[in-house]
Amino acid sequence: MSHIHDHNHPHDHTEPPEDIELRVKALESLLLEKGLVDPAALEALIDTYEHKVGPRNGAQVVARAWSDPQYRRRLLEDGTAAIAELGFSGVQGEDMRVVENSAQVHNVTVCTLCSCYPWPTLGLPPAWYKSAPYRSRIVIDPRGVLAEFGLTIPADKEVRVWDSSAELRYLVLPERPAGTDGWSEAQLAELVTRDSMIGTGLPKAPGAAA
Amino acid sequence: MNTTTHNDYQAVGLPLDGEGPVFEKPWQAQAFSLIVHLHQAGLFPWKDWVRVFSETIKAAPAQPGESANDAYYRQWLTALESLVATLGLTAGDDIARRAGEWRQAYLNTPHGQPVRLQHASQPPTPCHAHGHPPRHEPVAVSPRLAN
């Protein structure tokens, strides 16, 4: 296969974001270079706030799937289209596939090569998602890594690890927590955490959400 | 947060919920974090920010079709650029030039790879688009262990 790239190929570049986002990045990188910003402290702040951007979109998708069996079926058959129904699309046109947890199967997602991540639904990836140890170890020892997240998968459950790439990104549909009969979508969405949609955590228990 | 409180945020009309600020897009959280960080680093008192920000809102009101959050954080970023210029931290020309370099870095970065500023002058070698095709089956399975 030739490694000379066809420049009309849509995957050979990354579509730049809107101007205002470029200005934020410009300012941040200039202040970093001048030593006016402590990268670790800034990253901690951004992590706190960015966590509040995206996961809410994913949480709406999960809450809808828990509430509406027809939506759930569409979501599992064609994640890209079902997520777009709620107004969320990959900015780079990537496809989404949703994998469903059940009593028999627990799913977890990774990008083994870099940090491909469904950010329109989940916000920006946490630092550990981008780290080399997570990317390699989750494939070699999924149960051990999940246990380090405080998530012990019962021995009678299969664990499947899904590798997100530039073109195809995975989202986990967690199991609906017991004790939530009759809850509204908005109430259910409050239980859905970022990690539960990556597969390194579970949704919050109903009692813990109040 | 130690040096800024919810009262401070109310002084600048920040969109809030029970847990703190709310954002619609990642760049809004980044712009917000930058000003809070610079303030916490002791570069200016919060009341100076309140003043510059309220002047900017008056000078650049919300535009038709702009969401409340978009307008708010557009004004926030304009005020931030103005404050850092006043403090002599970085000039507006530098910001515009650097924003152009970031645009070039995006254009030079193959789809799916992390975008880095140095890609503006030095495109990376493709990894994902050519070496990491979409995988439709699990990359690993740990079967059930019982029985």
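Let us begin with R160 of chain A, whose bridge partner in strand β3 of chain B is V141(B). Please bear in mind that we are looking at a predicted model. The neighbouring residue pair belongs to the same topic: V159(A) stands opposite S142(B) in β3(B). Together, 3 bridges join β3(A), residues 158–163, to β3(B), residues 140–142, and these two strands run antiparallel.

V159(A) also has a partner within its own chain, for H106(A) stands opposite V159(A) in β3(A). That pair belongs to the contact between strand β2 of chain A, residues 105–110, and β3(A), where 6 bridges are found and the strands run parallel.

What order do the strands take in the sheet? The order is β2(A)-β3(A)-β3(B), so that, with mixed pairing, 3 strands make up an open sheet drawn from chains A and B. β2(A) and β3(B) stand at the edges; each has a single partner strand, and therefore one side of each is left without a neighbour in the sheet. On average, neighbouring strands of this sheet are turned by 20° against each other, direction ignored. Helix α8 of chain A, residues 132–140, packs on the sheet and touches β2(A), β3(A) and β3(B). The direction of α8(A) makes about 150° with that of β2(A).

I turn now to the helices, beginning with α5 of chain B, residues 92–108. Its 17 residues should span 24 Å at 1.5 Å a residue, and the end C-alpha atoms are 25 Å apart, which agrees. Which residues of α5(B) are buried? They are I95(B), R98(B), A99(B), W102(B), A105(B), Y106(B) and N108(B). These buried residues pack against two helices, α1 of chain A, residues 19–33, and α4 of chain B, residues 68–86.

The partner from chain A deserves its own description. α1(A) has 15 residues and reaches 21 Å from its first C-alpha to its last, close to the 21 Å expected at 1.5 Å a residue. The buried residues of α1(A) include I20(A), L22(A), V24(A), L27(A), L30(A) and L31(A). Also among the buried residues of this helix are E21(A), A26(A), E28(A) and S29(A). Just after α1(A), G35(A) takes a positive phi of about 75°.

To close, chains A and B come together here in two places: β3(A) is bridged to β3(B), and the buried residues of α5(B) pack against α1(A).

How values were computed
Residues numbered from 1 in each chain as written. Chains lettered and ligands numbered in written order. Predicted model: local features only at pLDDT ≥ 70, side-chain atom pairs only at ≥ 80, totals over all residues. Heavy atoms only, no water. Pairing = 2+ DSSP bridges. Helix = DSSP H or I, 4+ residues; strand = E, 2+ residues; numbered from the N terminus. Expected span 1.5 Å × (residues − 1). Buried < 20%, exposed > 50% of the residue type's maximum accessible area, 1.4 Å probe, protein only. Contact = heavy atoms within 4.5 Å. Axes fitted to C-alpha atoms, helices over the stretch in contact; angles between N-to-C directions.
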